[in-house]
Amino acid sequence: MRKFNIRKVLDGLTASSSSASQQQQQQHPPGNREPEIQETLQSEHFQLCKTVRHGFPYQPSALAFDPVQKILAVGTQTGALRLFGRPGVECYCQHDNGAAVIQLQFLINEGALVSALADDTLHLWNLRQKRPAILHSLKFCRERVTFCHLPFQSKWLYVGTERGNIHIVNVESFTLSGYVIMWNKDLVVHISDNPMLLIGFESGTVVLWDLKSKKADYRYTYDEAIHSVAWHHEGKQFICSHSDGTLTIWNVRSPAKPVQTITPHGKNGQPCKQIFIGIAVADLLC
């Protein structure tokens with residue numbers, strides 16, 4: 001039987017490896033390296049940019065709708081403004097200071113929008129151009145803006161403040177008029193007209209204000225703080241939502257007490273969390 005020598009096998013492998021290495025060196029000598037490619041593109045030749053935004057805006061804080069042109073406006077806590085039209089039609093805008101949008105008001109069918117921000121500034125947007133832009137701005141320095149109301153087809157914007165006063169802004173010139181409702185009591189949480197001006201205060205008081213005589217015709221008082229108010233479409237009643245979850249229904253000409261008090265989500269008439277109401281809920285009035 002022939003003997004197998006492992007040492008000769010290893011020596012043979014080492015020799016073949018050395019031979020292969022010498023052949024590679026002969027084919028690619030160290031002095032003949034391939035030339036390096038010079039890169040001409042630099043970092044300044046590239047720039048990131050947003051090309052599309054998809055989905056509902058993050059942290060929405062205000063909504064408004066133009067029922068004629070069918071445009072929905074959404075404001076956010078970061079000062080962004082999104083406009084939605086027919087399917088596939090969207091537009092994004094941004095307030096420069098980044099303050100939260102607390103309220104939006106359309107000039108119905110006029111291609112304009114008023115935005116109220118948390119830094120007590122009002123802005124008038126022109127929506128009739130390809131890229132919406134701010135036409136006018138107005139800054140309140142001594143009072144904090146809490147609520148705004150723009151009646152249909154009116155040029156007067158009512159601006160309520162934390163001190164309980166209401167200033168009137170001419171939307172065309174975006175300047176303050178000389179007419180001021182000086183209540184000086186508590187924070188304004190609601191303003192609406194149908195046709196008289198209804199003003200709701202956080203403390204629980206509602207005032208029906210006569211603009212011509214410059215006085216309150218009626219005052220309605222409830223023990224709980226008010227969160228929102230809505231008119232019945234006939235203008236003879238209105239409804240208030242309160243901090244304890246109660247809804248109070250009032251006849252305009254009966255300010256002594258509400259005609260009905262409802263706690264829809266309470267058990268056995270007990271208070272619950274507050275409710276925020278809108279125009280649709282006001283149709284529950286009888």
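1. A starting point is the pair S6 and S7, which run antiparallel to each other and are joined over five bridges. Within this pairing, Val114 has Leu124 of S7 as its bridge partner. The model is a predicted one, and every remark below should be read with that in mind.

2. S6 and S7 belong to an open sheet of four strands, in which the order is S5-S6-S7-S8 and the pairing is antiparallel. Strand S5 (101-107) and strand S8 (133-139) form the edges of this sheet, and each has a single partner strand, so one side of each is left without a neighbour in the sheet. On average, and with direction ignored, neighbouring strands here are turned by 20° against each other.

3. Between strand S6 (112-117) and strand S7 (121-126) there is a loop, and Asp119 has its place in that loop. How far is Asp119 from Gly98 in sequence, and how far in space? The two are 21 residues apart in sequence, while their C-alpha atoms are 9.4 Å apart in space. Asp119 counts as partly exposed, since its relative accessibility is 21%, and the cut-off for buried is under 20%.

4. The surroundings of Asp119 can be described further. When neighbours within four places in sequence are left aside, Asp119 is in contact with Asn97, Ala99 and Lys139. With Asn97 there is also a polar contact between the side chains, at 2.3 Å.

5. Another open sheet of four strands has the order S1-S2-S3-S4, again with antiparallel pairing. Its edges are strand S1 (60-66) and strand S4 (90-94), each of which has a single partner strand, so that one side of each is left without a neighbour in the sheet. From one strand to the next, the twist averages 15°. Inside this sheet, strand S2 (residues 71-76) and strand S3 (residues 80-84) run antiparallel and are joined by four bridges, with Leu83 in S3 as the bridge partner of Ala73.

6. Strand S15 (residues 205-210) deserves its own point, because five of its six residues are buried and the strand is therefore mostly covered. S14 and S15 run antiparallel and are joined by four bridges, and Leu197 finds its bridge partner in Trp209 of S15. The hairpin of these two strands has three residues between them, and Gly204 there takes a positive phi near 120°.

7. S15 is also joined to S16, in the antiparallel sense, by six bridges. Here the bridge partner of Thr205 is Thr221, which lies in S16. In this hairpin, with four residues between the strands, a positive phi near 55° is taken by Lys214.

8. Turning to the aromatic residues, a search of the whole structure finds six aromatic pairs. One of them is formed by Trp183 and Phe201, which are stacked, with 5.3 Å from centre to centre and 20° between the planes. Trp183 lies in the loop between strand S12 (175-181) and strand S13 (188-193), whereas Phe201 lies in strand S14 (residues 197-201), so this pair ties together parts that are 18 residues apart in sequence. Are Trp183 and Phe201 buried or exposed? Both residues are buried.

9. The rings of Tyr220 and Trp250 have centres 5.6 Å apart and planes at 70°, so this pair is edge-to-face. Tyr220 belongs to strand S16 (residues 215-221) and Trp250 to strand S19 (residues 247-251), so the pair ties together parts that are 30 residues apart in sequence. Tyr220 and Trp250 are buried as well, and they belong to one aromatic cluster together with Tyr218, Trp231 and Phe238.

10. For residues 219-254, an unreviewed UniProt entry lists "repeat: WD". In the model, this span is 0% helix and 56% strand, and its end C-alpha atoms lie 9 Å apart.

11. The loop between strand S18 (237-242) and S19 is the place of Thr246. Thr246 is buried, its relative accessible area being 3%. Its side chain and that of Asp244 are joined by a polar contact of 2.9 Å. Residues up to four places away in sequence not being counted, Thr246 touches Tyr222, Cys240, Ser241, Thr261, Ile262 and Thr263.

Note on methods: Residues numbered from 1 in each chain as written. Predicted model: local features only at pLDDT ≥ 70, side-chain atom pairs only at ≥ 80, totals over all residues. Heavy atoms only, no water. Phe/Tyr/Trp six-rings, centres within 6.5 Å; stacked < 30°, edge-to-face > 60°. Buried < 20%, exposed > 50% of the residue type's maximum accessible area, 1.4 Å probe, protein only. UniProt positions renumbered as here; feature names shortened; annotations may be inferred. Pairing = 2+ DSSP bridges. Axes fitted to C-alpha atoms, helices over the stretch in contact; angles between N-to-C directions. Polar contact = N/O pair within 3.5 Å; in protein donor to acceptor, adjacent residues only side chain to side chain. Contact = heavy atoms within 4.5 Å.
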